[in-house]
Amino acid sequence: MTTRPASSQLLIWIAITFLLFPVLILLGILMRSIQAGEISALQPWFYPAMTLHGVGMVGVWYVAAMACAADVLSRHVTLPPALGRLAIAGTVLGVVLLLACVLLGRFAAGWYFLYPLPLKGEWPLWSAVTFLLSLTVLGATWFIWSLGLLWAISRRFSLGQALGWHYLAGRTDPVLPPSVLITTVSLIAGVAALVSAVIVLALFYLELLTGQASDALLMKNLTFFFGHTLVNLAMYLGVAVAYEILPEYAGRPWKTNKIVVVSWNTVLLIVLVAYFHHLYMDFVQPGILQYIGQVASYASAIPAAVVTIFGALLLVYRSRMRWNLASLLFFLGLVGWAIGGVGAVIDSTISVNARLHNTLWVPAHFHTYMVAGLAFLVIGYFYHRCQEAAALRESKGYHQLLIVLMTAGAYGFFLMFYLAGAFSVPRRFAVYPVEIGHGASFAGWAALFATLFLVGFVLTATEVGRRWRAALSSAT
Amino acid sequence: MRIASGLALLFILACPVPAAAAAGDEGRLLYERQCAACHTIGEGDRIGPDLAGVNERRPRDWLLSFVTGPDRMIAAGDPVAVRLYERYNRIVMPNLNLSEEQAGQLLEYLALAAPAAAAPAAAVTELPRPALAGPQSRVLQLFLVISAVIVLVFTWVALSTRNPVEVDVHRAYSIRRVLFVIAVVALAGLLVLTLPKAPYARAGAEPARVVYVAARQFDFLFSEEPIVSTAEVGIVPTLANLVLTKDELVEFRVTSLDVNHGFGLYGPDRQIVAQTQAMPGYFNRLLFRPLAPGEYKVFCLEYCAAGHHLMQVRLTVN
Ligand code: HEM
Ligand SMILES: [Cu+2]
Ligand SMILES: [Cu+2]
């Protein structure tokens, strides 16, 4: 069997991801156990844990997806190694600051730190400042990283070519791999999101320094433009990787064509206005933006379902598919993306949102596409690259068992969120009041399922780890 | 112009501005503005303990130093303060930067204030899970059905790889065209059906009653007149027990005095029937027609720090 060495930077990202993910899962299990009323002594840690878990998970899976996309990109364009080193150093520094403000300062404004809460909680001001500094470091690092990758793409493809516009004119030269197209779209959206984050942070600093208060509605728009876009594009980066790798397992090509170009260019436009669905319950937001939010959210389903999911199914249908841990995870990752997407589109209906907004339905759908979607795709890619470099023997039955453990754990855990959401159980409640006491039993079951998932993940990470060690010795 | 503004200034100076309300009233105002969000007098515990009879319960010196510096007392390990802290969900009572004099006025007010008439109802500790009904149940069913279809399709495709064969891409593309049309028609149809049901206030809907809601960390205040700042709390009369009439359209005008909160209205069957956000600096206008009589509850649906899950208020529909 021929081997292909892995890049040492990717191996570092794998180590970071696999170190942080289980810790953050434990925080998730901790939260569900507190909500179930099992360890009420730890209740004061619920909101700090929620904040660390939320920011940590979004951050980890965003950088992991970026690392995979960069690794795939390096097959097609030349990346400056310093860029990757900067991304690793900045991310580690940001994480250290984040840990400090939550663990030492009990900072607990939630993952989207909605203005003006960070300045008005029970935590000390220094912890809020440290949190803002942490986000500044992370934001600046990722901003440079995104621009650097776009610059690397631009040395081989013009912007129009990287967005595939020449396909629209009927030309296919230069050939544009779909992964490059999707990565370009995601990076452009990422730059826009990070600019919005910079404005939010600047307005916070302005208030800290001069006392000049900001407009709460403006801040909420900026915050969700940033948060919504970042989470969505992380998912797209994972999909880009699937476009590149799945064909290798199916033994069939998955190429860019007119439809794929139209679809992903539309996604770029839609993803930037779909965030309005986070403000449906702010009735002072101009009405037209609310309706645009619903139309854009619905519209975003069409390229995803009819082009990407359909394309993936067509690729696999009756192919000589080589099923292993990686290809199974890719395939299941698309299932998670689709199911989570259905949950999202339902909730993006304004009249439905009036019943589901800020209930557990919200974490239900985003955990579906973050855990069973993005995380599956990324873990699949990590395994794929390490196995490619190490070429160890693969034990099919055991790997299928791991998949069953993770899938059963994850979907059981999600189902408790969906059910609780339908029963109007609010999200972000450390303790459920009597009227919503039924939230506690969903939480208890969820903690069990999440533990099952954790076991499956740790065993899977061990399988990746064995190959990782072998890959390290031959790393480039 | 200048004369007019000068007159206005004189008028303002001459008027009994809120802060200078009747002497002896300082204690009450301080209490309503700074303490009532977490405490009651005789209506039971909320975020912190019921303060009825607290003057008899604790020595005056202890109370003065606790009210002026609860965080210091807890940090210094004062046994009573630490016990209270443990008992009340380990939420540290905020240091409100009060002077000893203000603390004295507060204790005086607490001593005089008659415990609120209604004795706290016997605490219910457990309720059965409500039935799943209404739009939420239809939404869940729809979601489960679509998810099942997704799982079936993916399973079918995965199993198909047992019999590999070359696939006719052009036929697949014509299937895709059909799917595209179906998806567009379905989503457009749903848009047409659901957009008109958006809960936003529309011209022509005349509410029979307007109720103002001011949210703050960690309670809701109902009133007939708007309350837009802490300075107006204790001046503008509030409605202790809000009673609405069945089938009568009411408009809630919801704002916040500090951070973002959520105004989540739960019906008698303990499901969300309507909601809007409470955002500082804005009034969100929520139109609501109560169709079922009974006890309603409002819970905070936007995370607002340690007391978030304890922030609630009751209202009744007759
Ligand atoms: C199996 C692993 C996981 C478990 C057990 C878990 C558990 C939880 C729980 C219990 C909550 C609080 C729900 C509530 O509002 O009551 C939560 C919130 C959240 N989780 Fe996870 N989670 C997991 C994986 C992930 C992943 C992979 C992401 C990636 C993006 C993620 C992102 C978030 C975010 C952003 C929040 C919201 C935090 C906030 O409200 O401020 N989680 N999670
Ligand atoms: Cu609140
Ligand atoms: Cu709240």
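**A walk through the metal sites and two buried residues**

Let's start at the iron atom of ligand 1, where the protein donors are the NE2 atoms of A:His53 and A:His367, lying 2.0 Å from the metal. Keep in mind as you look around that this is a predicted model. The iron has six donor atoms, and with angles of 86 to 179° among them, the site is octahedral. The two histidines bring distant parts of the chain together: A:His53 sits in helix H2 (residues 46-73) of chain A, while A:His367 belongs to helix H13 (residues 361-390) of chain A, 314 residues apart.

Are these two histidines buried or exposed? A:His53 has a relative accessible area of 12%, so it is buried. A:His367, at 14% relative accessibility, counts as buried too. The cut-off behind both calls is a relative accessible area under 20%.

Now step back to the shell around ligand 1. There are 24 residues around this ligand, and those that come nearest are A:Gln35, A:His53, A:Trp111, A:His367 and A:Arg428. Some of these names come up again in polar contacts. A polar side-chain atom of A:Arg428 lies 2.5 Å from an oxygen atom of ligand 1. A:Trp111 joins in through its backbone, with an N or O atom 2.9 Å from an oxygen atom of the ligand. And A:His53, which we already met as an iron donor, has a polar side-chain atom 2.7 Å from a nitrogen atom of ligand 1.

Which elements build the shell around ligand 1? At least two residues each come from helix H1 (8-35), H2, H13, helix H14 (396-422) and helix H15 (439-473) of chain A. H2(A) gives the largest share, six residues. Sorted by class, the shell is made of 15 nonpolar, six polar and three charged residues.

Over in chain B there's copper to look at. The copper ion (ligand 2) is held by B:His261 (ND1), B:Cys300 (SG), B:Cys304 (SG) and B:Met311 (SD), at 2.0 to 2.4 Å. The angles among these four donor atoms run from 99 to 127°, and the site is tetrahedral. Along the chain, the donors follow the spacing H-x38-C-x3-C-x6-M. Here, too, the site spans a stretch of sequence: B:His261 is in strand E5 (residues 261-266) of chain B, and B:Cys304 is 43 residues away, in the loop between strand E8 (294-299) and strand E9 (312-317) of chain B. B:His261 and B:Cys304 are both buried. This copper has company as well, with the copper ion (ligand 3) 2.5 Å from ligand 2 and B:Cys300 coordinating both.

Two more residues are worth a stop. B:Pro49 is in the loop between helix H2 (26-35) and helix H3 (54-57) of chain B. Its relative accessible area is 17%, so B:Pro49 is buried. What does B:Pro49 touch, leaving aside neighbours within four places in sequence? Its contacts are B:His39, B:Arg57, B:Leu84 and B:Tyr88. For a sense of scale, B:Pro49 and B:Asp61 are 12 residues apart in sequence and 18 Å apart in space, C-alpha to C-alpha.

Finally, back in chain A, A:Asn353 lies in helix H12 (residues 350-356). A:Asn353 counts as buried because its relative accessibility is 2%. Not counting residues up to four places away in sequence, A:Asn353 touches A:His277, A:Tyr280, A:Met281 and A:Asp347, along with B:Gln275 from chain B.

Notes. Residues numbered from 1 in each chain as written. Chains lettered and ligands numbered in written order. Predicted model: local features only at pLDDT ≥ 70, side-chain atom pairs only at ≥ 80, totals over all residues. Heavy atoms only, no water. Helix = DSSP H or I, 4+ residues; strand = E, 2+ residues; numbered from the N terminus. Buried < 20%, exposed > 50% of the residue type's maximum accessible area, 1.4 Å probe, protein only. Contact = heavy atoms within 4.5 Å. Donors = N, O, S within 2.8 Å, 3.2 Å for Na, K, Ca; no water. Tetrahedral: all angles 85-135°; square planar, octahedral: opposite > 155°, others 65-115°. Near = heavy atom within 4 Å. Polar contact = N/O pair within 3.5 Å; in protein donor to acceptor, adjacent residues only side chain to side chain. Nonpolar A, V, L, I, M, F, W, Y, C, P; charged D, E, K, R; others polar.
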